[in-house]
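Here's a quick briefing for anyone meeting this structure for the first time. Have a look at it below, then walk through the notes topic by topic.

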Amino acid sequence: MIDHLSIPTSAGSFDAIAAGPEDGRPVLLLHGFPEACLEWEHQVATLGVLGHRAVAFDQRGYSPGVRPEQVAEYGIDTLVGDVITVADQLGWGRFDLVGHDWGGAVAWWTADAHPERLRSLAVVSTPHPAALAHAMKTDEDQHLRSGYLTEWRQTRVTERRMLDNHGEGLRQMFDRRISPGRIDEYVQRLSEEGALTAALNWYRAGRPGGKIGKIETPTLYVWSTEDVAFGSVAALDTAAWCTGPYRFEMLEDVSHWVPEEAPEALTTLLYEHLTAH
């Protein structure tokens with residue numbers, strides 16, 4: 001049920017997985033760190049069976065064909081530009097956008113910059129960037145949760161720590177919440193020459209210069225109670241940054257890795273959201 005695509009752009013070719021009829025309602029899914037488009041395999045396959053045209057692509061740095069060395073090539077404007085370019089290459093005028101982790105951040109910024117292109121927005125784990133920024137300043141719990149960002153942005157020693165001992169540092173992030181085989185695949189991908197540095201360049205490219213506004217696009221936000229990266233303060237405050245139809249769903253006893261740890265529950269929520277809008 002899953003097709004493997006190569007999506008050519010002026011920046012290079014993005015690898016992707018896809019399912020569903022070519023004329024189905026288009027849904028684009030964005031993965032996070034340290035994963036790849038395969039994190040959406042269950043959602044892509046199921047949405048395809050339900051008649052949607054679902055595509056998830058390996059984003060900049062994760063696709064070998066789009067792996068620039070310069071940190072400046074991983075700024076948020078460029079990442080948002082990739083989303084629009086991929087949609088254009090797929091022939092999609094308007095589409096539904098789904099994102100998790102860093103892909104969720106890109107999804108928020110895309111909804112802010114290009115609301116006319118989105119039919120709906122669904123974000124998993126990652127709060128609205130303004131809600132997160134405020135929580136990092138005012139909530140001690142979120143400040144502590146986000147402490148890793150300083151290290152990852154400032155040192156190249158991080159690559160060695162993550163990849164030493166057969167990628168033990170990367171493996172520990174998943175806390176055995178998803179299948180060992182899938183973790184092996186992520187570690188193998190990020191062990192390719194330059195791949196992990198490219199993925200970490202998302203963190204090192206610097207914070208966005210402009211301010212993000214409130215989101216008018218119909219939005220589903222899914223947060224899980226065992227998420228180690230994002231606490232409840234930013235998650236609950238996200239509602240204040242959505243002025244259009246908004247639905248918040250909390251998954252109990254689920255970690256940060258929602259698409260793979262709770263695939264059926266998340267896919268059901270996504271389908272309900274798409275059906276409602």
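Let's start with charge: the protein chain carries 23 positive and 40 negative charges, and the mean positions of these two groups sit 4 Å apart. Keep in mind that this is a predicted model. From here we'll go from the overall build down to single residues.

**Overall build**

- Count up the secondary structure and you get 12 helices and eight strands in the protein chain.
- The chain is as compact as a globular protein of its length, because its radius of gyration is 17 Å, close to the 19 Å that the globule rule gives for 277 residues.
- As for its extent, the C-alpha trace spans about 45 × 40 × 35 Å along its principal axes.
- Take the contacts with a separation of 6 or more: 76% of them involve residues 24 or more positions apart.

**Inside and outside**

- Of the 277 residues in the protein chain, 54% are buried.
- The exposed area comes to about 11,800 Å², and carbon and sulfur atoms supply 50% of that.

**Cysteines**

- Don't go hunting for disulfides here, as the structure holds zero of them.
- For background, a disulfide is a covalent bond between the sulfur atoms of two cysteines.
- Cysteine 37 has a relative accessible area of 3%, so it counts as buried.
- Cysteine 242 is buried too, with a relative accessible area of 9%.

**Helix α9, an enclosed helix**

- Helix α9 covers residues 195-204, and nine of its 10 residues are buried, so it is largely enclosed by the rest of the structure.
- Among those buried residues are Leu196, Leu200, Trp202 and Tyr203. Asn201 and Arg204 are also on the buried list.
- What do the buried residues of α9 pack against? Their partners are the helices α2 (76-89), α3 (102-113), α6 (148-154), α7 (157-174) and α8 (180-190).
- After α9 comes glycine 206, which has a positive phi near 95°.

**Helix α7, with a buried and an exposed residue**

- Threonine 158 belongs to helix α7. Its relative accessibility is 1%, so it counts as buried.
- Leaving aside residues up to four places away in sequence, threonine 158 touches Glu151, Trp152, Leu200 and Arg204. Leu200 and Arg204 are both buried residues of α9, so you can follow this contact list straight back to the helix described above, given that the buried residues of α9 pack against α7.
- Histidine 166 lies in helix α7 as well, but at 66% relative accessibility it counts as exposed.
- Histidine 166 also has a phi near 60°, which is a positive value in a residue other than glycine.

**Backbone spots to check**

- Is the peptide bond from phenylalanine 33 to proline 34 cis or trans? That bond is cis, and its omega is near 0°.
- You'll find proline 34 in the loop between β3 (25-30) and α1 (41-49).
- Aspartate 253 is another residue other than glycine with a positive phi, near 60°.
- Aspartate 253 is found in strand β8, which runs over residues 246-255. With 57% relative accessibility, aspartate 253 counts as exposed.

Terms used
Residues numbered from 1 in each chain as written. Predicted model: local features only at pLDDT ≥ 70, side-chain atom pairs only at ≥ 80, totals over all residues. Heavy atoms only, no water. Helix = DSSP H or I, 4+ residues; strand = E, 2+ residues; numbered from the N terminus. Rg over C-alpha atoms; globule rule 2.2 N^0.38 Å. Buried < 20%, exposed > 50% of the residue type's maximum accessible area, 1.4 Å probe, protein only. Contact = heavy atoms within 4.5 Å. Areas by Shrake-Rupley, 256 points an atom, 1.4 Å probe, with all protein chains shown as cover. Lys, Arg positive; Asp, Glu negative; His and termini not counted. Charge placed at Lys NZ, Arg CZ, Asp CG, Glu CD. Disulfide = S-S within 2.5 Å.
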